[in-house]
Amino acid sequence: MTLWQSLFLFLPLCLVISIITCTPGRRDFREIWKQGLRLFLVTTFWVVAASIGIYFLMEWVLSL
Amino acid sequence: MQNPILIIAVPLVLVMALRFFTTTTALERRTVILAWLIPGAGHFLVGQRKRGIILGALVIVTFLFGMFLSDFRNISPFDRHPIWAVAHLFGGLVSMLAAFFTRHLYIEEMNPFYDVGCLYSGVAALLNIIVAVDAYDFAHERSEAPAGETAE
């Protein structure tokens with residue numbers, strides 16, 4: 001499985017998780033979408049940032 | 001691997017079920033059981049049809065997409081993946097029907113998307129807990145409201 005396949009399979013699942021986890025306690029669906037999308041963007045950013053960080057860390061460790 | 005999971009999961013589920021059945025109203029019980037059996041159906045019982053359709057569709061489509069990714073071979077009650085089987089318990093009828101209709105399928109060739117499929121279906125079944133909790137929230141609100149008032 002390539003990096004792009006992993007990424008494109010991760011994104012829809014992350015979006016569904018973000019939307020559904022925002023549901024309890026919120027009555028308005030517009031607010032749920034808004035919060036869900038915000039959570040999705042924040043989660044995606046941190047996952048991608050952490051992945052890049054781990055990639056360079058491992059590259060450095062392997063070069064020692 | 002299978003026995004430790006069963007030893008932990010089964011008593012935990014029984015204790016939680018006992019607490020649930022002794023501390024909730026009939027409407028709350030019916031809502032949660034229906035929400036567990038059919039994702040989104042609990043919302044119908046408390047008058048939240050649109051919400052039920054959207055949340056149910058999200059859970060079911062994610063679950064089926066996971067099955068599609070793994071060639072419909074990822075749902076099985078404890079014989080292939082004990083951990084995912086515990087997750088699939090929360091998918092209710094969807095998991096049961098999937099396990100029943102794919103019971104004759106076996107893993108014969110390597111599929112690179114198999115693990116991702118397991119993840120999708122397992123997560124979808126676990127997300128059904130949140131959908132059921134959301135339905136319970138509405139049922140609880142209705143149970144506490146004075147006669148004549150509804151949540152919607």
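Reader: What percentage of the 152 residues of chain B count as buried?
Author: This is a predicted model, where local features need pLDDT of at least 70, side-chain atom pairs count only at pLDDT 80 or more, and totals for chains, interfaces and linings use all residues. Residues are numbered from 1 along each chain as its sequence is written, and chains are lettered from A in the order in which they are written. A residue is buried if 20 or more other C-beta atoms, placed from the backbone, lie within 10 Å of its own. In chain B the buried share is 38%.

Reader: How many helices does chain B have?
Author: Helices are DSSP runs (H or I, at least four residues), numbered from the N terminus. Chain B has zero strands; its helices number seven.

Reader: How do helix 1 of chain A and helix 4 of chain B run, roughly parallel or roughly antiparallel?
Author: Residues 3–21 form helix 1 of chain A, and residues 49–69 form helix 4 of chain B. Their axes (lines fitted to C-alpha atoms over the stretch in contact) lie 11 Å apart, at an angle of about 150 degrees. Angles under 35 degrees count as roughly parallel, and over 145 as roughly antiparallel. So helix 1 of chain A is, relative to helix 4 of chain B, roughly antiparallel.

Reader: Which residues of helix 4 of chain B meet helix 1 of chain A?
Author: Two residues are in contact if their C-beta atoms, placed from the backbone, lie within 7 Å. Helix 1 of chain A brings Val16(A), Ile19(A) and Ile20(A). Their partners in helix 4 of chain B are Leu55(B), Leu58(B) and Thr62(B).

Technical notes
Axes are lines fitted to C-alpha atoms, for helices over the stretch in contact, and angles run from 0 to 180 degrees between N-to-C directions. Helices (H or I, at least four residues) and strands (E, at least two) are DSSP runs, numbered from the N terminus. Angles under 35 degrees count as roughly parallel, over 145 as roughly antiparallel, 65 to 115 as roughly perpendicular and the rest as oblique. A residue is buried if 20 or more other C-beta atoms lie within 10 Å of its own, exposed if 12 or fewer, and partly exposed in between; C-beta atoms are placed from the backbone.
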